[in-house]
Amino acid sequence: MNVEKPRILVVDDESGIREGCRINLEMEGYDVDVAEDGFAGLKTFKERGNYAVALIDLKMPGMDGLELIEKIRELDQDVVMFVITAYATLDTAVEATKKGAYGYIAKPFSPDEIFLPIKRGIESRNLALETKRLRQERENRLLEVAFERSKSNTIIRCMTDGVLVINRDKQIVLRNEAARRIIPGCENLPLPASLSALADLHEIIDFLNETATADFKPGIISREVAIGETIFMVNVSPVMEQGVASSAGAVAVFRDITELKKLETAKSMFVSMVAHEVKRPLGVIEGYLNLILSGRAGEDGQKQKEMLERSLIRARTLRQMVSELMNLTAMETGNFAIKRNPLNISTVVKEATDSCLDKAKEKEIDLSLSVEGPGGQDVVLADKSAMFSVFANLIDNAIKYTPERGHVEVRVENAGNYVKVTVRDDGIGIDAGEKDKIFDEFFRARNKYTARIPGTGLGLTVAKRFVGLHQGKITVESAPAQGSVFTVFLPMWEE
Amino acid sequence: MSEQGPLIVIVDDDFDSLEIIRNILEPAGYKTLCFTEPMEALQHMAIEKPRLIITDLMMKFIDTGFAFSRQIRFDSRFSNIPIILITAAFSQRRFAVQPQDKRGLEKMGIDAFFDKPVDPDDLLGKVQELLGQSGKEQGK
């Protein structure tokens, strides 16, 4: 074990013995140091240390052998010490052994007489060292195992997913806190428990029964399982012990995917809504073209023209809907870049009003704009094109849903820390039951007044999102046949 | 517009859809009355009984068309009037509105189903079939 030579310290006041020992022991392959008295011996021992054997003369001037043995033993538990004495008595031998000596060698001695005891002593020391090392190692490992086990337990306990471990006898042998919480009947179940104790979960039990068998191959089996209102993704994998080919059971991990499923459903609902909203105008356009091409629109050029015009309106609305949809998607994914600059909202509202003048004129609607309060009180940090689209949309809506010769009144005013823009009309209004829905995607009031009015059902949705992106608020007040008032509040910008 | 043609009531909340169906039926000799609201159609039907009803499904609420056709089916005055459902209906999980067969139609209380946009010849053929011999005579 020790690659380096065993070291021996010889302490004796007789130089003949010192040197004799040195020469003979060095020839035997030992590394030897000598000291002439107790003090020198102790000093050398302290300096060089790690001696396998010390030969110590009992009678020395100054510090005697017994004292030295005692001092060395305090320093080193493992060194093998022999007493060398010319006055060998039972008493001194016992005394020396008590102090920690391994044996004694009577003077005078021949070299051969010391080789064997030294050899045995070294063997004994090595054995003791090895035992000590093994004991230490074992203690370390036990500590490590305890630590690892408690670490694993902690991790399993703190997992948000429910964990069940099932043995080959279909018994639940382990469950974590999440499993107790989320799996009905699992909370106070004494373990080990038969799988069938979880009576409500026959679907899972069948599944687990299939998987917790010896020939269950490594891999993961996943299944969606509904427990009451909750939907779980259950992943089951075999418990494979090292070096064993067959499975000892199964680990089932329960992940609550209810919210995920809800999102998935909402998403597919939305997609089918979009599909429907796209299909409707396309159907109309196809229907009109079909009428014209099949000669059903007659030879009357005016009738054909009307049908083409209606088709064009529907095509335009569809295109507008698609771009609004793209805006909405961009806003949802955070890809919508709004460039905010200080804006005079009254300027943007004026531009939006102007853009609607022609439509108002067509229906002989009185479209008016008024800006109240002192100038410069209408500055908002906002994206100009987004703001334009919000107000153009509101004014356009007001004109669309107001009968001919009606009134649309746009007003910009100051309201504390907000700029307030009001769009008031005396049009068809909104049913009380539909007021909450008008900002929803694709919602359109459908009645005899609205049947002819083209709309995407997204304009107000986009407007609300835009206003929201600017930390503003949009509200509506309305009564059927009385008109509607849409109000937008935007935080005023202060330099 | 032939005053003598059999009366067909058309209900759809989309003006253009009404126009398209009206322009299919009128040149074929049918008299049509168009409504954007089912309630108004029902009120008029009490005065003038149609020979056939064509309705959309997606009106205001998802099942307004169903409610309308059920109302007609349970009304002894109208229960024998054939109903054709034309819709841009969507189907999705747990909500498949398109009837797959005759039993599906019966279940929904309707006599025929068309996807939008309807092919004019298909619609006319079905109208004639449902109106029977008299329908054929009135047709062009």
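**Cavities, chain B and one buried threonine**

In the predicted model that I am showing today, the residues lining the largest cavity divide into 10 charged, seven nonpolar and four polar. Let me start with that cavity and then move outward.

The largest cavity holds about 240 Å³ of space, and among the 21 residues that line it, those closest to its centre are Arg280(A), Arg314(A), Arg444(A), Gly455(A) and Asp14(B). If you want to find this lining on the fold, the elements that give two or more residues to it are α8, which spans 258-293, and α9, which spans 301-332, both in chain A. Which of the elements gives the largest share of the lining? That is α9(A), with five residues. In terms of domains, the lining of the largest cavity draws at least three residues from domain 3 (261-332) of chain A, and at least three from domain 4 (341-491) of that chain.

How many cavities of 30 Å³ or more are there by this count? There are two, and the second largest has a volume of about 80 Å³. From chain A, Gly283(A), Val284(A) and Gly287(A) belong to the lining of this second cavity, and from chain B the lining includes Ser17(B), Ile20(B), Ile21(B), Ile86(B), Lys116(B), Pro117(B) and Val118(B). The elements giving two or more residues here are α8 of chain A and α1 (15-25) of chain B. By residue class, the lining of the second largest cavity divides into six nonpolar, three polar and one charged.

Turning now to chain B as a whole, its secondary structure comes to five helices and seven strands, and reading along the sequence you would meet them in the pattern β-α-β-α-β-α-β-β-β-α-β-α. Of the 140 residues in chain B, 56% are buried, while the accessible surface of the chain comes to about 6600 Å², with 50% of that belonging to carbon and sulfur atoms. Among the contacts in chain B with a separation of 6 or more, 71% are between residues 24 or more positions apart.

I would like to finish with a single residue in chain A, Thr402(A), which is placed in the loop between α12 (384-400) and β15 (407-415). Is Thr402(A) buried or exposed? Its relative accessibility is 1%, and because buried means under 20%, Thr402(A) counts as buried. Leaving out residues up to four places away in sequence, Thr402(A) touches Lys363(A), Ile365(A), His407(A), Val408(A), Asp425(A), Asp426(A) and Gly427(A).

Methods
Residues numbered from 1 in each chain as written. Chains lettered and ligands numbered in written order. Predicted model: local features only at pLDDT ≥ 70, side-chain atom pairs only at ≥ 80, totals over all residues. Heavy atoms only, no water. Helix = DSSP H or I, 4+ residues; strand = E, 2+ residues; numbered from the N terminus. Buried < 20%, exposed > 50% of the residue type's maximum accessible area, 1.4 Å probe, protein only. Contact = heavy atoms within 4.5 Å. Areas by Shrake-Rupley, 256 points an atom, 1.4 Å probe, with all protein chains shown as cover. 1 Å grid on protein atoms, 1.4 Å probe; cavity = no way out; pocket = protein on both sides within 12 Å on 5 of 7 lines; lining within 4 Å. Points joined across faces, edges and corners; volume = space filled by probe spheres on them. Nonpolar A, V, L, I, M, F, W, Y, C, P; charged D, E, K, R; others polar. Domains from an automatic or database assignment.
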